[in-house]
Amino acid sequence: MTSSTSSPDRTPPTADVLVERDETVGIITINRPARLNAVTPEAGDTLRSAFLELEADSRIRAVVLTGAGRGFCAGADISGDVGNAREVLLDSWNPLVLTMRSLQIPIIAAVNGVAAGAGVSLALACDLRVAATSARFELSFAKIGLMPDAGLTWLLPRVVGLGRANEMALLAERLSAPEAHTWGLVNQLAADGQALGDAVAMARRFAELSVSVATIKQAHQRALGTDFADQLKHEAHTQGWLQEQPDFAEATRAFAEKRPAQLTERKPPDQAR
């Protein structure tokens, strides 16, 4: 990484959540390795703020989410007083995953180790997932008389299909990273110790892409809650808006001149949503 621990572009190493900027990539690390990066409500609120902070930084084109040590995220921290589940979900976890899903810049999960419970939800709330070959995904809710939460009952069937979602959640299955890749839950496998590096490399590719990345992400999200005819109208409206933008004009000139395009826009204004 280009940043150092003394750089103003990185949070203090004692924090539960680390934020680092590596050129056009923002890196968020859940920094509770002794608890396999299980998230407290306070850490969840800090995570949400970190995503919003990076989105507000015009230099950042993509965000990578990972965990410190040997785990990605073991879900909610249930040590000590766990509080009221309803309140914790409504006040902390739900705002976090809603923010992740609505972020205009892409989020890539670097799953470096175990993702369990709501940690799977964090991975699925990202747009793309890179996983170390030894990583695994675990849903044990049914074993303790609870149900998947933090968006899992919505996200999991849409990513892997209803049958596989039922298999994983109802049977409390443990899924290896290679199996998750076969299922479509993981986009890319990485050698152990390389998940973060490979995810950052993927994230850097967005530095050369245009404002349309945000509109594509928004369109896919929108399509999950609308019908085909309505989505066709949305595509037509947004495509017309994109055609009027500087990025499209520059890209067409670059194509004609056989040179790389110099794209400058990152996010669409509100009227394009």
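**Exercise 1. The core.** Which residues of the largest nonpolar core touch the most other members?

Solution. The model is predicted, so local features need pLDDT of at least 70, side-chain atom pairs count only at pLDDT 80 or more, and totals for chains, interfaces and linings use all residues. Residues are numbered from 1 along each chain as its sequence is written, and side-chain values use heavy atoms, with hydrogens and water left out.

- Step 1. Define the core: buried Ala, Val, Leu, Ile, Met, Phe, Trp, Tyr and Cys residues joined through side-chain atoms within 4.5 Å. Buried means under 20% relative accessible area, exposed over 50%, partly exposed in between (1.4 Å probe, protein chains only).
- Step 2. Read off the members. The largest core holds 69 residues, and Leu65, Leu122, Phe137 and Leu185 touch the most others.
- Step 3. Take Leu185. Its contacts (heavy atoms within 4.5 Å), leaving aside neighbours within four places in sequence, include Leu124, Phe137, Leu156 and Met168.

**Exercise 2. Helix H9.** Check the length of H9, then find its buried face.

Solution. Helices (H or I, at least four residues) and strands (E, at least two) are DSSP runs, numbered from the N terminus.

- Step 1. Compute the expected span: 1.5 Å times one less than the number of residues. For the 16 residues of H9 (228–243) this gives 22 Å; the end C-alpha atoms are 22 Å apart, which agrees.
- Step 2. List the buried residues: Gln231, His234, Thr238, Trp241 and Leu242.
- Step 3. Look down the axis. These residues fall within an arc of 95°, so they line one face of H9. The arc is that of the directions from the helix axis to the C-beta atoms.
- Step 4. Turn to the other side of H9. Lys233, Ala236, Gln239 and Gln243 are exposed there.
- Step 5. Find the partners. The buried residues of H9 pack against helices H8 (212–223) and H10 (246–257).
- Step 6. Inspect the start of H9. A side-chain oxygen of Asp227 comes within 3.3 Å of the backbone nitrogen of Ala229.

**Exercise 3. Two charged residues.** Is Lys217 buried or exposed? Is Asp91 buried or exposed?

Solution.

- Step 1. Place Lys217 in helix H8. Its relative accessible area is 12%, so Lys217 is buried.
- Step 2. List its contacts, not counting residues up to four places away in sequence. Among them are Met100, Arg101, Ile105 and Asp127.
- Step 3. Place Asp91 in helix H2 (residues 85–102). Its relative accessible area is 56%, so Asp91 is exposed.
- Step 4. Check a distance. The C-alpha atoms of Asp91 and Gly44 are 9.7 Å apart, with their positions 47 residues apart along the chain.

Methods. Polar contact = N/O pair within 3.5 Å; in protein donor to acceptor, adjacent residues only side chain to side chain.
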